[in-house]
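Reader: Before I use any of these labels in my own work, I would like to see how each of them was reached. Could you take me through the reasoning, term by term?

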Amino acid sequence: DVDVRDVHAHVLGAHGGVLVPLTSAATIGGRSAIDVVGSEGLDAALAQVTAAEDLDVGHGPGGGLLAPAAGVVAIVAAILDDTRRLLTCSVLCRGEFGLEDAVTAVPAIVGAGGVNGVVELAMEENETAALHAAALR
């Protein structure tokens, strides 16, 4: 019973590559997603995301293009309006998350001029390992 704008999750890695959902940082209405929907509910949501990625399909016209297109719109709006929003986008990492000279999707502050900095969220060991594997692909 929360507005969709109050559901926050980061999926790092690469579209069409290895996706790294940060379930440890996902929130719904400011509460931990696992506390709200339980581990089975979170696993089911992740299965839907993974299935859509594997098939490159989405919901409605445009199929799998909807999520990337929405992401581009959010990034362009953040740059034009200089909102300094926290968005997940592809960045050349230079030490962030323990990645050196690797381009992968990570949480970044986006505003005038593009990426103004990378935000290194706390991650569980398995999430960090998955991100490193995704970046090396």
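Author: The turns below go through confidence, fold, burial, backbone angles, core, sheet and cysteines.

Reader: What makes the confidence of this model what it is, and which elements have the lowest and the highest mean pLDDT?

Author: This is a predicted model, and the mean pLDDT of the protein is 84, with 84% of its residues reaching 70 or more. Among the elements, helix 1 (residues 33-55) has the lowest mean pLDDT, at 80, whereas strand 8 (residues 114-118) has the highest, at 95. Where pLDDT is low, the predicted coordinates should not be read in detail.

Reader: How many helices and strands are there, and what pattern do they follow along the sequence?

Author: There are 3 helices and 8 strands, and read along the sequence they give the pattern β-β-β-β-β-α-α-β-β-β-α. Of the contacts with a separation of 6 or more, 46% are between residues 24 or more positions apart.

Reader: Why are Asp 82 and Arg 84 called partly exposed rather than buried or exposed?

Author: Buried means under 20% relative accessible area and exposed means over 50%. Asp 82 has a relative accessible area of 42%, so it is partly exposed, and Arg 84, at 47%, therefore falls into the partly exposed class as well. Both belong to the loop between helix 2 and strand 6. In the protein as a whole, buried residues make up 25% of the 137 residues.

Reader: What is notable about phi in Asp 82 and Arg 84?

Author: Asp 82 has a positive phi of about 50 degrees although it is not a glycine, and Arg 84, also a residue other than glycine, has a positive phi near 55 degrees.

Reader: What makes a group of residues here a nonpolar core, and which residues have the most contacts inside the largest one?

Author: The residues of such a core must be buried, of a nonpolar kind such as Leu, Val, Phe or Met, and joined through side-chain atoms within 4.5 Å. The largest nonpolar core has 19 residues, and those with the most contacts inside it are Leu 12, Val 20, Phe 97, Leu 99, Met 123 and Leu 131. Helix 2, strand 6, strand 7 (100-111) and helix 3 (125-135) each supply at least two residues of this core. Leaving aside residues up to four places away in sequence, Val 20 touches several residues, including Leu 12, Glu 127, Ala 130 and Leu 131.

Reader: Why are strand 1 and strand 5 called edge strands?

Author: The sheet is an open one of 3 strands in the order 1-4-5, with antiparallel pairing. Strand 1 (7-8) and strand 5 (31-32) each pair on one side only, and these are the edge strands. Two strands pair if there are at least two bridges between them, and strand 4 (residues 27-28) and strand 5 are joined in the antiparallel sense over 2 bridges, so they meet this condition. In one of these bridges, Ile 28 has Arg 31 in strand 5 as its partner.

Reader: How do you know that Cys 89 and Cys 93 do not form a disulfide?

Author: A disulfide needs a pair of cysteine sulfur atoms within 2.5 Å. The sulfur of Cys 89 is 10.0 Å from the closest cysteine sulfur, that of Cys 93, and is therefore too far for a bond. The structure accordingly holds 0 disulfides.

Reader: Are these two cysteines buried or exposed?

Author: Cys 89 has a relative accessible area of 9%, so it counts as buried, and Cys 93, at 0%, is therefore buried too.

Note on methods. Residues numbered from 1 in each chain as written. Heavy atoms only, no water. pLDDT = per-residue confidence, 0-100. Helix = DSSP H or I, 4+ residues; strand = E, 2+ residues; numbered from the N terminus. Buried < 20%, exposed > 50% of the residue type's maximum accessible area, 1.4 Å probe, protein only. Contact = heavy atoms within 4.5 Å.
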